[in-house]
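User: I am a first-year student and should like a close look at the sheet in this structure and at the parts packed around it. Please explain each term as it arises.

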Amino acid sequence: MPSIGSNSMAFTKLVRRSVSLRRSLLGVGVLAVASLLLANGCEPELDGTTCGDGLVGAVEQCDGSDFGGATCASHGFDEGSLGCFNSCTVDTSGCFLLDADADGADIHEEQAAGTDPENPDSDGDGFLDGEELDAAASPLDIASWPYDSGRWPNRLPAAVADGVPPGAWSVFGAPPVGALMPDYLVTDQHGAPLQLHQFYGYKIMLSIGAVWCGPCNLAAESSPALWESHKTEGVIFLEILVESTSVGQPSKQSDATNWANHYGLAYPVGWGPDHLHPSSIPTYYFLHSDLTIAEVQEGYGDDASLATALAKLH
Ligand SMILES: [Ca+2]
Ligand SMILES: [Ca+2]
Ligand SMILES: [Ca+2]
């Protein structure tokens, strides 16, 4: 008679045989399914459920380096390389548009210039990065802008961001030295709207003149040279003609246009109502870059006195 111990050993062998048999059957089953799939010319991947085997399945965007023919271009970008997440979805962070901020400079030009490829106006002077590069102006310096473009810097967004009060004229005459100069809306020599506060950030020489005014004409003759010697210093001239060819006669578009053309003025010349009511024409208002009034000069002496006032601005 077998002992209790030999019965136990026999039972263990039986269990092992049973496990072994189940393993064998399972192995046969797997082989059979695989054989069936291969026999039908399919690969297990095609059901789209096997992420990680390096082949794109039916419901996968990518798998490893297999993108199923997709590229950055087919995802709407210009250049770059697709990536593939472990979840077999496409990573487009390595793709980019050549000119994502539509400023006329492609990403290679922006990288070379050090400008922001996601900001069309890196220095905030109102001129696009590409426009400045094309004009050999600095897209990283507000004192450098396309001087001959017939347009002017515009830093109104910066003024608003810094809380400079916008809006219409609310005082009669000029505020005292040290006060903020209110905004002044006119039309420039090209017929475009122009306002004083768009020059926030620049050192400003604002002159109030008239076509009939002899000293104004005298000053205008040497103004181009004075402008040339200061324009790269973050200085802007703004001349506003408040009267036409006779005293008391309101100015008009042709006054500003003819004035700028006659004297060859490449800075803004505006025409519009007289908000400042200076006691003398011309009168020059020198404004710091924060638009506060630094100094007022009544009448025109010479360019040296204007340059002295400009040198004190910050
Ligand atoms: Ca840019
Ligand atoms: Ca700019
Ligand atoms: Ca600039």
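The answer below begins with the sheet and then turns to the helices and the core.

Analyst: This is a predicted model, in which local features need pLDDT of at least 70 and side-chain atom pairs count only at pLDDT 80 or more, while totals for chains, interfaces and linings use all residues. Residues are numbered from 1 along each chain as its sequence is written, and chains are lettered from A and ligands numbered from 1 in the order in which they are written.

The protein chain contains seven helices and eleven strands. Helices (H or I, at least four residues) and strands (E, at least two) are DSSP runs, numbered from the N terminus. Of the 314 residues, 31% count as buried. A residue is called buried if 20 or more other C-beta atoms lie within 10 Å of its own, exposed if 12 or fewer do, and partly exposed in between, with the C-beta atoms placed from the backbone.

Consider the sheet. Seven strands form an open sheet in the order β6-β5-β9-β8-β7-β10-β11, and their pairing is mixed. The edges are occupied by β6 (193-195) and β11 (293-298); each has a single partner strand, so one side of each is left without a neighbour in the sheet. From one strand to the next the twist averages 30 degrees, where axes are lines fitted to C-alpha atoms (for helices over the stretch in contact) and angles run from 0 to 180 degrees between N-to-C directions. Two strands are said to pair if DSSP finds at least two bridges between them. In general, strands of a sheet pair through backbone hydrogen bonds, either parallel or antiparallel.

Both edge strands can be followed to their partners. Strand β5 (residues 185-188) is antiparallel to β6, with three bridges between them, and Val186 stands opposite Leu194 in β6. Strand β10 (residues 283-287) runs antiparallel to β11 and is joined to β11 by five bridges; there, Tyr285 has Val296 as its bridge partner. A turn of five residues links β10 and β11 into a hairpin, and Leu291 in that turn has a positive phi of about 75 degrees.

Within the sheet, strand β8 (residues 235-243) holds Phe237. Phe237 counts as buried because 23 C-beta neighbours lie inside 10 Å. Leaving aside neighbours within four places in sequence, Phe237 is in contact with Met205, Trp227 and Tyr267; two residues are in contact if their C-beta atoms, placed from the backbone, lie within 7 Å. Phe237 and Tyr202 are 35 residues apart in sequence, and their C-alpha atoms are 9.6 Å apart in space.

The helices come next. In helix α6 (residues 253-263), the buried residues are Asp255, Ala256, Trp259 and Ala260. These cover an arc of only 120 degrees around the axis, so they lie on the same side of α6; the arc is that of the directions from the helix axis to the C-beta atoms. The face turned away from this buried side carries the exposed residues Ser254, Asn261 and His262. What covers the buried residues of α6 includes β5, α5 (214-228), β8 and β9 (269-271). Gly264, just after α6, takes a positive phi of about 65 degrees.

Helix α5 bends by about 45 degrees at Ser222, with Pro224 following within four residues. The bend at a residue is the angle between axes fitted to the seven residues ending there and the seven starting there. In α5, Cys216, Ala219, Ala220 and Ser223 are buried, and their cover includes β7 (203-210) and α6.

Helix α7 (residues 303-311) contains Leu306, which is buried because 22 C-beta neighbours lie inside 10 Å. Leu306 is 101 residues from Met205 in sequence but 8.5 Å away in space, C-alpha to C-alpha. Apart from neighbours within four places in sequence, Leu306 is in contact with Met205, Leu226 and Tyr284.

The core draws on both strands and helices. The largest nonpolar core has 44 residues, and those with the most contacts inside it are Ile204, Met205, Ile236, Leu238, Leu241 and Leu287. A nonpolar core is a set of buried Ala, Val, Leu, Ile, Met, Phe, Trp, Tyr and Cys residues joined through C-beta atoms within 7 Å. At least two residues of this core come from each of β7, α5, β8, α6, β9, β10 and α7, and β8 gives the largest share, seven residues. A second, separate core of seven residues includes Val56, Cys62, Leu82 and Cys88.
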